[in-house]
Amino acid sequence: MAGELKRGDTLLPKKERIFTEEFFFDGLNYMDFQILSCIEEAKSPLGAWVIKEKMDEIGVEISTTTIGRRLKALEAQGFLMQCSNLGRILTPKGRRHLEHVNQFLSRSRLTQDMIEKISITHYLELVSIYQARRGLEVEAARLAAIHATPEEVEELRKNTQRYKLISKEGFTDAEVLDTSLKFHYIVAGMCRNYFITSILNMILNENAQFEKKLKNPIIYESSGEYALEHDKIADAIAIGDADTAAALMYEHMTSIIDRENSQIGFMEPDGG
């Protein structure tokens, strides 16, 4: 179908194909993926000229000479095999490779969609992000107390000591924010739950970007108190007290939410 390309069982419109291209390290990998997808879609041997026609249909600019080179390279990698003089077909290895790439792209698109949905544009959304963080971070703290290694505890201790230091005068707002959020990144990484870690990393990143735009954010004004709360959470994690670590993290996040709620209507991003 003109303007569309079928990859395996997935029919992707031109808009999404352009979006997909962003997930490849370079144009060569993208072209290889498109070539393999064309051959898989055809379910029959294809040569360079037919592939060129299919590429033209979907708006991908590539010469027959380049296609020929890529076909040879893909055959050398074991992804394609020559079928008489009819053209090339996918090998079992090629099908597995294409399936793996499609799965990666599917996960990447879901991740991108999630990032777009958690994008913060208003202060009220920041409060919602903190509420979402609370549930995840309570569980992360509980699991961190169970799984933390001595090396991770040492890293957490260094962070809490630095936070107590920079919460005093003489440090920039950016340093205070970065050090505060670093504590939460570390705890997320210690929990040994890939999904919690991944989601929290995305949320924390968006959280950081928005907070840096705020005028006089709460996190700067309350950094001294938050530093002490971080220290107590670190103590519980260090001794493996999962219940206490979770309870302290809940109290910490609730304290932040209460303060942020009190500022709704007063805080606005710079230029917004």
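Leaving aside its neighbours within four places in sequence, with which residues is His230 in contact? I shall begin with the answer and then place this residue in its surroundings. His230 is in contact with Thr160, Tyr163, Ser180, Phe183, His184 and His252, its neighbours within four places in sequence being left aside. Contact here means heavy atoms within 4.5 Å.

Allow me to state the conventions. The model is a predicted one, in which local features need pLDDT of at least 70 and side-chain atom pairs count only at pLDDT 80 or more, while totals for chains, interfaces and linings use all residues. Residues are numbered from 1 along each chain as its sequence is written, and side-chain values use heavy atoms, with hydrogens and water left out.

Next, the chain as a whole. Its secondary structure comes to 12 helices and four strands; these are DSSP runs numbered from the N terminus, helices being H or I with at least four residues and strands E with at least two. Of the 272 residues in the chain, 43% are buried, where buried means under 20% relative accessible area, exposed over 50% and partly exposed in between, with a 1.4 Å probe and protein chains only. The chain exposes about 14,300 Å², and carbon and sulfur atoms supply 54% of that area. Accessible areas come from the Shrake-Rupley method with a 1.4 Å probe; for residues, only the protein chains shown count as cover. Among contacts with a separation of 6 or more, 70% are accounted for by residues 24 or more positions apart.

I return to His230, which lies in helix α11. Because its relative accessibility is 0%, His230 counts as buried. In sequence His230 and Gln161 are 69 residues apart, yet in space they are 9.6 Å apart, C-alpha to C-alpha.

The first partner of α11 to consider is helix α7, residues 150-166. α7 and α11 pack at an angle of about 165°, with their axes 9 Å apart. Axes are lines fitted to C-alpha atoms, for helices over the stretch in contact, and angles run from 0 to 180 degrees between N-to-C directions. The two helices α7 and α11 are therefore roughly antiparallel to each other; the classes are under 35 degrees for roughly parallel, over 145 for roughly antiparallel, 65 to 115 for roughly perpendicular, and oblique for the rest. By class, the contact of α7 with α11 has nine nonpolar, four polar and four charged residues. Ala, Val, Leu, Ile, Met, Phe, Trp, Tyr, Cys and Pro count as nonpolar, Asp, Glu, Lys and Arg as charged, and the others, Gly among them, as polar.

Thr160 is found in α7, and at 0% relative accessibility Thr160 counts as buried. Not counting residues up to four places away in sequence, Thr160 touches Phe183, His230, Asp231 and Ala234. Thr160 and Leu228 are 68 residues apart in sequence, with 8.2 Å between their C-alpha atoms.

The second partner is helix α8, residues 173-190, whose axis is 11 Å from that of α11 (residues 223-238), at an angle of about 20°. α8 and α11 are therefore roughly parallel to each other. The residues of α8 that meet α11 include Ser180, Phe183 and His184, and those of α11 include His230 and Ala234. This contact of α8 with α11 divides into seven nonpolar, four polar and no charged residues.
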